[in-house]
Amino acid sequence: MAAKGWDETADFVICGSGGGSMAAALYLKSIGKQPLILEKTDKLGGSTAMSGGVLWIPNNHLLARDGIKDSHELGRTYMDATVGNDAGPAASPERKEAYLRNGPVMMKWLEEQGMQWLRTEGWADYYDDRPGGCTRSRSVGAPMLDARAMGPLFDKLRLGPMVMPLPTDKAGIIGLATRTPKGMWEGMKLLFRMWLVKRRGAPMLSFGGALQGRMLMLADKAGIDMRTNHGVVELVEEKGRITGVVVEHEGRTLRIGARDGVLINAGGFSRNAEMRKKYGPQPSSVEWTNANPGDTGEMIQIAEKHGAALDLMDQAWWVPGTMLPEGGPANMHNTDISKPHCIIVNRQGRRILNESGSYMENGQRLYRNDVPAYVILDSRHRKRYAWGYYPPGKTPQSWLDSGMMKTADTIEELAAKAGIDPAGLKDEIAKFNRYCETGKDLDFNRGGRGYDNWFGDPTVKPNPNLGKIDKPPFYVMEIVPGDVGTSGGILTDEHARVLRADGSVIEGLYATGNSTASVMGRCYPAAGASIGASFVFAWIAAHHAVGAND
């Protein structure tokens with residue numbers, strides 16, 4: 001047994017293996033330190049591995065390489081215009097500055113260690129029409145990764161519900177596989193890759209799988225100790241400083257010392273029904289989330305017990321979704337509802353949001369109106385575009401038999417079946433159809449931003465996001481504010497140190513990712529804002545813990 005009653009010690013203990021954990025560990029290993037990653041589930045990668053797998057990093061070196069003008073100042077202008085200056089202490093000027101200053105440095109350093117990046121051209125900032133916004137994309141992901149290159153490591157990587165061999169930068173165009181020559185070409189390439197994967201018997205990873213798969217390979221090559229089925233059940237505090245953790249593993253309790261500090265990166269509480277009920281807007285359900293199974297919030301509770309302040313606990317990375325009759329997580333539709341011939345309405349039949357806008361904002365708007373709300377499609381949407389995991393034109397009979405999807409030949413009949421006011425819906429659709437003719441959505445400016453158009457259909461004129469709802473049969477489904485994780489939690493400062501309610505620091509304790517109150521406040525400014533922050537503040541924590549502030 002090690003000194004002070006420890007079963008063992010490490011320099012820096014990282015609780016959780018989501019976005020940023022391996023980046024922090026790689027830096028510490030590079031300077032001769034001994035990091036230790038503890039993951040309570042049986043797989044590594046966290047919700048990041050199940051996600052779209054992009055980081056939002058303003059002023060990154062790939063932008064300059066591609067001749068796109070960006071700067072630290074433009075990034076800050078944009079964050080001020082979206083996150084704002086009154087979003088609470090988690091989004092303080094100091095934390096925003098730390099995020100913007102460290103992101104490009106971290107990204108370049110990881111590339112030097114062997115990480116491969118892919119800039120997602122065209123994936124605009126979600127509010128690109130605001131000061132400092134970028135239409136060309138500040139979001140970066142990882143190139144696809146043949147799972148065979150991972151060897152035995154692949155069996156340790158957490159995967160999402162569907163592994164699609166599609167490059168991250170083609171996420172927008174693939175939705176047009178039945179509509180445009182470029183979309184058809186990407187669709188053909190996707191089908192070929194799917195055939196190749198089946199023949200090889202091993203997936204071709206993309207999105208979060210490619211990101212975390214590559215990070216896992218780098219960490220393994222560096223000799224970083226990463227352990228699954230090691231759940232942290234307590235923090236060890238001595239004289240006001242966190243000095244280690246208590247871990248449960250295979251029926252044993254271990255005390256592990258942390259010489260330089262402990263980093264909490266264990267996700268939020270999307271799968272904790274009690275915490276959702278206590279903190280979040282209602283109604284809600286753990287069945288609505290697409291976060292990983294370990295997203296149960298106990299590390300937030302443990303930190304709070306040691307005096308950590310919490311903030312933004314009513315917020316999540318909302319993604320509107322529908323519930324499948326067979327159960328399981330919400331079928332996410334952030335790209336589907338952006339397409340023409342589709343609207344979302346409340347019980348009165350009135351539109352309540354920009355269907356092509358930021359999915360987090362749309363979740364917030366759902367809560368300010370109706371939960372559930374209703375998504376209305378006409379036959380062209382169902383024929384031309386995907387719906388969740390299902391390709392165009394493929395509507396499972398179980399959706400209709402269960403009543404999850406209802407259909408009718410008239411708007412009035414459709415409304416009656418769904419419990420929507422028929423007159424209200426008829427009037428709203430008539431108004432919306434007039435907007436489709438002019439290309440101007442006078443209610444929500446749908447299609448007025450570059451981000452809206454990213455998932456639109458350019459063959460539809462004059463606005464790629466606006467298409468009439470006038471061709472039967474019509475379809476209706478209930479739509480709920482699903483999520484990919486909560487975005488409130490432990491309050492930290494610009495060094496990722498955990499703070500008490502009085503603003504003092506809990507020495508030796510750091511936090512990042514969905515375990516924390518987000519630096520983005522109540523806004524989601526661009527693709528990868530959550531994963532970007534998770535990476536950046538893990539990186540910052542690792543530097544601060546060893547006195548290497550840059």
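**Note on the polar contact at Asn514, the aromatic pairs and the nonpolar cores**

1. The side chains of Asn514 and Trp317 are joined by a polar contact of 2.9 Å. The model is predicted, and the points below should be read accordingly.

2. Asn514 belongs to the loop between strand 21 (505–511) and helix 15. With a relative accessible area of 16%, Asn514 falls under the 20% limit and therefore counts as buried. Apart from neighbours within four places in sequence, Asn514 is in contact with Gly267, Gly268, Ile300, Trp317, Val484, Gly485, Thr486, Gly488 and Ser530. For one of these, Thr486, the C-alpha atom is separated from that of Asn514 by 6.2 Å, although the two residues are 28 residues apart along the chain.

3. Trp317, the polar partner of Asn514, is also a member of an aromatic cluster, together with Trp123, Tyr126, Tyr359, Tyr451, Trp454, Phe455 and Tyr524.

4. In total, the structure holds 20 aromatic pairs. In one of them, Tyr126 and Tyr359 meet edge-to-face, with 5.3 Å centre to centre and 70° between the planes. This pair links distant parts of the chain, 233 residues apart: Tyr126 is in the loop between strand 4 (118–119) and strand 5 (139–141), and Tyr359 is in helix 9 (residues 359–368). Tyr126 counts as buried because its relative accessibility is 0%; Tyr359, at 12%, counts as buried as well.

5. Helix 9 also supplies Tyr367, which pairs with Trp318 of strand 13 (residues 316–322) across 49 residues of chain. Their geometry is edge-to-face, at 5.2 Å centre to centre and 65° between the planes. Trp318 is buried at a relative accessible area of 5%, and Tyr367 counts as buried at 17%.

6. A charged side chain also meets an aromatic ring: Arg95 lies over the face of Phe537, at 4.4 Å from the ring centre.

7. The largest nonpolar core has 109 residues, and Tyr99 and Leu110 have the most contacts inside it. Helix 15 (residues 529–545) contributes the largest share of this core, 12 residues. Leaving out residues up to four places away in sequence, Leu110 touches Ala23, Leu26, Met115, Trp117, Met215 and Phe535.

8. A second, separate core has 28 residues, including Ala10, Leu36, Val245 and Val498. In soluble globular proteins, nonpolar side chains tend to be buried together.

Conventions: Residues numbered from 1 in each chain as written. Predicted model: local features only at pLDDT ≥ 70, side-chain atom pairs only at ≥ 80, totals over all residues. Heavy atoms only, no water. Core = buried A, V, L, I, M, F, W, Y, C linked by side-chain atoms within 4.5 Å. Buried < 20%, exposed > 50% of the residue type's maximum accessible area, 1.4 Å probe, protein only. Helix = DSSP H or I, 4+ residues; strand = E, 2+ residues; numbered from the N terminus. Contact = heavy atoms within 4.5 Å. Phe/Tyr/Trp six-rings, centres within 6.5 Å; stacked < 30°, edge-to-face > 60°. Lys NZ or Arg CZ within 6 Å of the ring centre and 35° of its normal. Polar contact = N/O pair within 3.5 Å; in protein donor to acceptor, adjacent residues only side chain to side chain.
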